[in-house]
Amino acid sequence: MVPAFLLTVNLSAMGAEGHDHDAVDHKVQKSPKGARSYVVLPRDGRTVKRKVKVVFGIQGMGVCPAGVTASGEPIPDTGHHHLLVDVDKLPSMKMPLPADQPEKIMHFGKGQTETVLELTPGKHTLQLIFADYAHVPHDPPVISKKITIN
């Protein structure tokens with residue numbers, strides 16, 4: 001018999017944007033050894049068109065939508081992607097990733113693993129951060145290498 005888990009989405013504890021930025025009692029989730037996040041496409045250094053498909057990669061962890069828990073507890077070794085576009089300094093790894101700059105820090109809380117960006121001509125950087133059900137990066141953080149596209 002396969003064990004059953006009760007999956008719940010705890011929206012009442014989250015703010016209007018689906019984030020609990022006052023996550024004082026949030027326990028940072030551990031990431032498994034060897035977990036890594038990476039940009040599958042586009043490749044680093046490539047010249048791209050104005051509309052560019054970005055494919056996210058994760059190894060050693062599973063993708064799960066934000067807010068989803070098992071019987072009220074975080075599902076271990078899971079999270080969702082956040083794409084940083086042209087971000088020079090990483091946000092805090094101890095708090096939910098900010099939602100006030102959606103053009104810079106894009107949240108993929110539905111468990112999406114790709115997106116299409118419409119970028120202005122020129123040089124841009126892309127980087128992924130994998131975060132838990134409450135948008136808080138794991139410990140240690142699972143962050144991709146920053147890539148540059150033109």
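**P42, the nonpolar cores and the cavity**

User: Where does P42 lie?
Analyst: P42 sits in the loop that joins β2 (36-41) to β3. Please note that the model is a predicted one.

User: Is P42 buried or exposed?
Analyst: P42 counts as buried, because its relative accessibility is 8% and the cut-off for buried is under 20%.

User: What is P42 in contact with, leaving aside neighbours within four places in sequence?
Analyst: Beyond those neighbours, P42 is in contact with V48, V52, K53, V54, L126, I147 and I149. For one of these partners, L126, the separation from P42 is 84 residues in sequence, while the C-alpha atoms are 9.4 Å apart in space.

User: And what does L126 contact, with the neighbours within four places left aside?
Analyst: The partners of L126 are P42, V54, L83, L84, V85, L117, K145, K146, I147 and I149. L126 is also among the residues with the most contacts inside the largest nonpolar core, together with V54, L83 and L117.

User: How many residues does that largest nonpolar core have?
Analyst: The core has 13 residues. At least two of them come from each of β3 (51-59), β7 (78-85), β10 (124-131) and β12 (147-149). The largest share, 3 residues, is supplied by β3.

User: Which residues belong to the other core?
Analyst: The other core lies apart from the largest one and has 7 residues, including L84, M93, I105 and I129.

User: Back to β3. Is V52, in that strand, buried or exposed?
Analyst: V52, a residue of strand β3, is buried, because its relative accessible area is 5% and buried means under 20%. Leaving aside neighbours within four places in sequence, V52 is in contact with P42, T115, V116, L117, L119 and I149.

User: How many residues apart in sequence are V52 and L119?
Analyst: V52 and L119 are 67 residues apart in sequence, with a C-alpha to C-alpha distance of 7.6 Å.

User: Changing topic: where is D88, and why does it count as exposed?
Analyst: D88 is in the loop between β7 and β8 (105-107). D88 counts as exposed because its relative accessibility is 75%, and exposed means over 50%. In sequence, D88 and T125 are 37 residues apart; in space, their C-alpha atoms are 8.7 Å apart.

User: What about cavities: how many are there of 30 Å³ or more?
Analyst: The count is 1 cavity of 30 Å³ or more. The largest cavity has a volume of about 50 Å³.

User: Which residues line the largest cavity?
Analyst: The lining is formed by Q29, C64, P65, V68, P74, I75, T78, G79, D132 and Y133. By class, 6 of the lining residues are nonpolar, 3 are polar and 1 is charged.

User: Now the whole chain: how many helices and strands?
Analyst: The protein chain has 0 helices and 12 strands. Read along the sequence, the pattern is β-β-β-β-β-β-β-β-β-β-β-β.

User: What share of contacts with a separation of 6 or more is between residues 24 or more positions apart?
Analyst: Such pairs account for 71% of those contacts in the protein chain.

User: Last one: how many of the residues count as buried, and what area is exposed?
Analyst: Of the 150 residues of the protein chain, 41% count as buried. The chain exposes about 8700 Å², and carbon and sulfur atoms supply 55% of that area.

Note on methods
Residues numbered from 1 in each chain as written. Predicted model: local features only at pLDDT ≥ 70, side-chain atom pairs only at ≥ 80, totals over all residues. Heavy atoms only, no water. Core = buried A, V, L, I, M, F, W, Y, C linked by side-chain atoms within 4.5 Å. Buried < 20%, exposed > 50% of the residue type's maximum accessible area, 1.4 Å probe, protein only. Helix = DSSP H or I, 4+ residues; strand = E, 2+ residues; numbered from the N terminus. Contact = heavy atoms within 4.5 Å. 1 Å grid on protein atoms, 1.4 Å probe; cavity = no way out; pocket = protein on both sides within 12 Å on 5 of 7 lines; lining within 4 Å. Points joined across faces, edges and corners; volume = space filled by probe spheres on them. Nonpolar A, V, L, I, M, F, W, Y, C, P; charged D, E, K, R; others polar. Areas by Shrake-Rupley, 256 points an atom, 1.4 Å probe, with all protein chains shown as cover.
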